[in-house]
Every structure is written in C-alpha cells, then in structure tokens.
Amino acid sequence: PLLPVFGQDHADPAVPSPAVYGAVLNINRGNPGDFEVAVDAWPDFGAVLRCPAPQAPVDDSYWNLQAAFYRDVGAYRALLETPGCLRWDAAFHIFAPSPPRSCPRPCPISVPPPPPPTSRRSPRRLDPDVRLGTLSRAHVELLDSTWAYGGNAWSRRYLGELLERFPSLCLLSRAGEPLCWVLTDGFAAGAHGFTLPSQRRRGLMRVLTALAARRALARGFPAYGHTATGNGAMQRLQEALGHRRLPGLCRFVLHNPALARAAP
C-alpha cells in the first residue's frame, strides 16, 4: 500500500506522496524547516523517509514530523529499523502509508488541478471591511486556542515555528484582528484552516483557500491539504474549488515513549 499520491495518474507508484514531495521542494529551496531525507538505497530506492534534523527536541512530537513513501514494504520496514534513521527514544509523528488499525485520525487529502491557461475565474470579492494579511508569532495564542491538537507548550512552539518558516494567509478585520486563516506546514500542505464562529457563512474560507492554492502553485508547490473525515463542510468546499480527493486515507501515527508524562 502507498500513501495517496500527487499527480494526474494516482495509480502510478513512482510518483511520491504529496507530503514527501512538498518536503523535498522545501529542502531544495533553502530548507526552512531544517529537514533531512533518508532512503534505503540510491538511486534505485524502495523507500523514502523525510525526517527533522538531529538537533530537533526529543520530547517534541509536533516538530518531529516524519513522512514516508515506499514502493516495497520490506524496504520501508528496513529503513525504519536502520540505526540512526529514527530516534526511537524520542517522540515523533509519522505520516504512515499503512498504519495499524488502532492508529487514529484518518484524513482524506486533496489536490486541485492547475487552472487552464485560458481561465479567468477569480475568487469571490471580499467585503470592504475585510483585507488580506499574514500571521505572526503574536497570533500564536489565538491559533493554539482554536486548534484541535493545541493546548500545550509544544503546540504553541510548533505553531510559532510554522509562522516564522512557512507561508500563511489570513483575512483581517478593519481593526487588524484575524477572522479566518490558513497556515502551511513543512510538507507544503495547508494546515490549521479556521474561521472564527462569528464570521462563518461569509465565504471567507472559500476566498482564502483559493488564494492560498494559487500562491502555492505560482511558487511551484503542490496545493493540497489534509481534511478530517468528519469535516464535511471543508470537503465540500475543496471539491467546489476544484480539488480532487486522492485515493486512500492519510493517518498520523504518534510514537511517544513518555506519553504518560504531563505536558508542560
């Protein structure tokens, strides 16, 4: 089995997963996330693993994110078991192609096709009281309080690092307060998209999702994201904007030797 793949031919096992593909693009463009890539062999590799640099904090499963792509499950298993490839004494998340059934958080992911050269469609116009902006570390507390996986020092540190290292977009009120936002993570995926409850049903996320996709494609990156299986509204919005649902599910597997330890 494979992770959902990026490209026109989703059945082609030679096309890397969007997560690995996006991570490699980031590495080739200055490596803002301090990532490394491990392969089982070169150039004829059977498995690829994107991992953080060795200096990443061992107790931080948010920043220690791995993404895998493999053609052969034996090569993938051997790569994971290679000494020095993964720190099994550290906490980490891994985008697993074939996780055990007990692992939670399945997420379908989608990729929009590039617009035709003749396309002149534009996002819905913004209300006069809304303007486009970006986020900064000053917004970490707001982001953390509205994130399903937030609520601790590690999540706040992770969100702050994303804001400093990778693109983000938001829509601001006249007073400069964020109303709606979309982040980008180290895999070049859309992350933590959210609209304040009081601002919903105004089409803000539709506008922002379309703008974020256009900017990603203009930079040469894939425009894709992970959407919770229960988030039907976001799935319908992505499909309305031309995103394609990729086959299979993406699952996040958490490895944490100190899981019983209270978060700071």
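This text walks through a strand, the nonpolar cores and the cysteines of the structure above.

The structure is a predicted model, in which local features need a pLDDT of at least 70 and side-chain atom pairs count only at pLDDT 80 or more, while totals for chains, interfaces and linings use all residues. Residues are numbered from 1 along each chain as its sequence is written, and side-chain values use heavy atoms, with hydrogens and water left out.

A good place to begin is strand E3, which covers residues 65-70; helices (H or I, at least four residues) and strands (E, at least two) are DSSP runs, numbered from the N terminus. Of the 6 residues in E3, 6 are buried, where buried means under 20% relative accessible area, exposed means over 50%, and partly exposed lies in between (1.4 Å probe, protein chains only). Leu65, Ala67 and Phe69 point one way from the strand, whereas Gln66, Ala68 and Tyr70 point the other way, and all of them are buried. Phe69 has a relative accessible area of 2%, which is why it counts as buried, and its C-alpha atom is separated by 8.7 Å from that of Ala19, although the two residues are 50 apart along the chain.

Strand E3 also has a partner, since strand E2 (residues 47-52) pairs with it in the antiparallel sense over 4 bridges; two strands pair if DSSP finds at least two bridges between them. Within this pairing, Arg50 has Ala67 of E3 as its bridge partner.

From the strand we can move to the nonpolar cores, each a set of buried Ala, Val, Leu, Ile, Met, Phe, Trp, Tyr and Cys residues joined through side-chain atoms within 4.5 Å. The largest core has 34 residues, and those with the most contacts inside it are Leu135, Leu143, Tyr158, Trp181, Leu183 and Phe187. Several elements each supply at least two residues of this core, among them helix H1 (18-28), E3 and helix H4 (153-165), and H4 gives the most, with 5 residues.

Tyr158 touches Tyr62, Trp63, Leu65, Trp147 and Asp185, not counting residues up to four places away in sequence, where contact means heavy atoms within 4.5 Å. A second, separate core of 14 residues includes Ala47, Leu49, Phe92 and Ile94.

Finally, a search of the whole structure finds 0 disulfides, a disulfide being a pair of cysteine sulfur atoms within 2.5 Å. For Cys51, the nearest cysteine sulfur, that of Cys85, is 5.8 Å away, and Cys51 is buried, with a relative accessible area of 7%. Cys170 is buried at 0% relative accessibility, and because its sulfur is 8.7 Å from the closest cysteine sulfur, in Cys180, the two are too far apart for a bond.
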